[in-house]
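Hi,

Here is the structure I promised to pass on. Have a look at it first, and then read my notes below.

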Amino acid sequence: MAPLTEAHYEAHKYLRSAKGHRDSKVATKLHELAKLAGLSLSEHSADVHDMGTPGFEHPPTTGVIYVMDRATAKGWKYGDKSWGNFGQGAPEVGHIPDAPERPMTITMQEEEFEYAPVAGIKSLREAVANLYNHRYRQNKESKYTWENVCIVPGGRAGLTRMAASVGDANVGFFLPEYTAYEALLTIFKRMVPIPTPLEMDSGYHITPRRLYKEIHDRGLGVVVVSNPSNPTGQLIEGEELKEWVDISRTTRTTLVLDEFYSSYIYTDPDHPGKTVSSAEFVDDVNVDPVVILDGMTKNFRLPGWRVCWIIGPKEYISSMASSGSFLEGGANHPLQQAAVPMLEPNRAHLDAVALQAHFRMKRDFVLGRLEQLNMPVHVPPKATFYIWLDLSHLPEPYCNGLTFFEACLDEKMICVPGIFFDINPGKRRDLAQSPYQGFVRLSFGPPLDELKRGMDGLERLLKKIGYLP
């Protein structure tokens, strides 16, 4: 039987009709036909509005944005208590048991009406460096200082500054991976993106040996990876993470680690509040080519603040400040000031302890309900607040992630199709042939009541399609 393509799935047509997701080959064909006919496409084509503004391209939306746009079209809106949003890429932001109280008001000084420095205010840069030294470098001679830290207005801004500073280099990344990487690797043309797909049979695990082989065989100058991993929830820690840093050092390959979920760790319940970072294994903070991205967004459950940071060698941080000067100009000044006391090490530890207990409870609830619904999770998350769910045992067409997602919307349950984590710069592959088209990502970031509604919606769908009696 011939392999299924996008044309076989109605849900793929919705995606291809969205701005930025249209097949560029179709637009090229339209231009060719118009040229052969001696016509101006802008004057004679009914598709003129699809061609965009002359000289501009409409970038694709990230997977989560597409998902929420489709949910909105089906009736979802913010604050609607009848939906279960498993597509959410952010943690719940309300109070959780035993967590320190967060400020509900801030007192501003007049100087905070001014722009903050592009690299961030010195007091916050010092607080970030102090937190990392306290957590990971107490017995090391080389310590981070404020000059090793750059404050940025969100994780994507940090990634953009990083990408704008990368020269002509082969950039390696592992699939599945965070959806925003696709636009990043497409827009910045000096980088040559080189993907390495990971398989469920290996637990989506990247061994040090495999990392070295990818660097050596493909001539990688930079490796970008989320650790803990979005979307699989897997984790590189301990001796293996040390080997990663050692490989980066010895091969002189810059290792860019997205550590935004470094407090969502479930592998060591005997040590509540344990966090994981490559900073623990850096020898010299100004020599080892290790760059870390993290922030208040996930680990402190403050996504709306858009206060994040990049940590690395001083020279690298200097380039981050320069790129920020022509990109977004820097982070919010008052909220940088408000973040400083929240990074006091003892307070940050209490935050991590409470976060881990609460999110472990939610993880176990969702995994338990999935087991009851005969939806096994073959690779349970060791970290993050995501579950990578295999749909291959469902009947056609629901074993296709996009189709499953559209069907879930009808039951007021939102998830993210796996194809959005198949980072595919240039859209070179047919989506239906993606190795991740048979998966969805579920987020247990929202409050427990919302997770319960989402699981109830999933149960209704599974009964409707005859998977459950």
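Let's begin with one pair of residues: Leu 293 has Ile 310, in strand E8, as its bridge partner. Keep in mind that this is a predicted model. The strands behind that pair are E7 (residues 290-295) and E8 (residues 308-311), which run antiparallel and are joined by four bridges.

Both strands belong to an open sheet of seven, ordered E2-E8-E7-E6-E5-E3-E4, and the pairing in it is mixed. Which strands stand at the edges? They are E2 (149-152) and E4 (191-197); each has a single partner strand, so one side of each is left without a neighbour in the sheet. From one strand to the next, the twist averages 20°.

Next, the nonpolar core. The largest one holds 137 residues, and Trp 309, Leu 370 and Leu 442 have the most contacts inside it. Helix H5 (residues 122-136) gives this core its largest share, seven residues.

Finally, a pocket to look at. The second largest one contains about 1,100 Å³ of space. It is lined by 40 residues, and those closest to its centre are Val 64, Gln 88, Gly 89, Ala 90 and Pro 303. Helices H4 (63-73), H6 (155-165), H10 (296-299) and H15 (448-464) are the elements that each give two or more residues to this lining, with the largest share, four residues, coming from H4. Sorted by class, the lining has 16 nonpolar, 12 polar and 12 charged residues.

Over to you!

Methods:
Residues are numbered from 1 along each chain as its sequence is written. This is a predicted model: local features need pLDDT of at least 70, side-chain atom pairs count only at pLDDT 80 or more; totals for chains, interfaces and linings use all residues. Side-chain values use heavy atoms; hydrogens and water are left out. A nonpolar core is a set of buried Ala, Val, Leu, Ile, Met, Phe, Trp, Tyr and Cys residues joined through side-chain atoms within 4.5 Å. Buried means under 20% relative accessible area, exposed over 50%, partly exposed in between (1.4 Å probe, protein chains only). On a 1 Å grid over the protein atoms alone, a cavity is a set of points where a 1.4 Å probe fits but cannot get out, and a pocket is an open set with protein on both sides within 12 Å along at least five of seven lines; lining residues have an atom within 4 Å of a point. Grid points are joined across faces, edges and corners, and a volume is the space filled by probe spheres set on the points. Ala, Val, Leu, Ile, Met, Phe, Trp, Tyr, Cys and Pro count as nonpolar, Asp, Glu, Lys and Arg as charged, and the others, Gly among them, as polar. Two strands pair if DSSP finds at least two bridges between them. Axes are lines fitted to C-alpha atoms, for helices over the stretch in contact, and angles run from 0 to 180 degrees between N-to-C directions.
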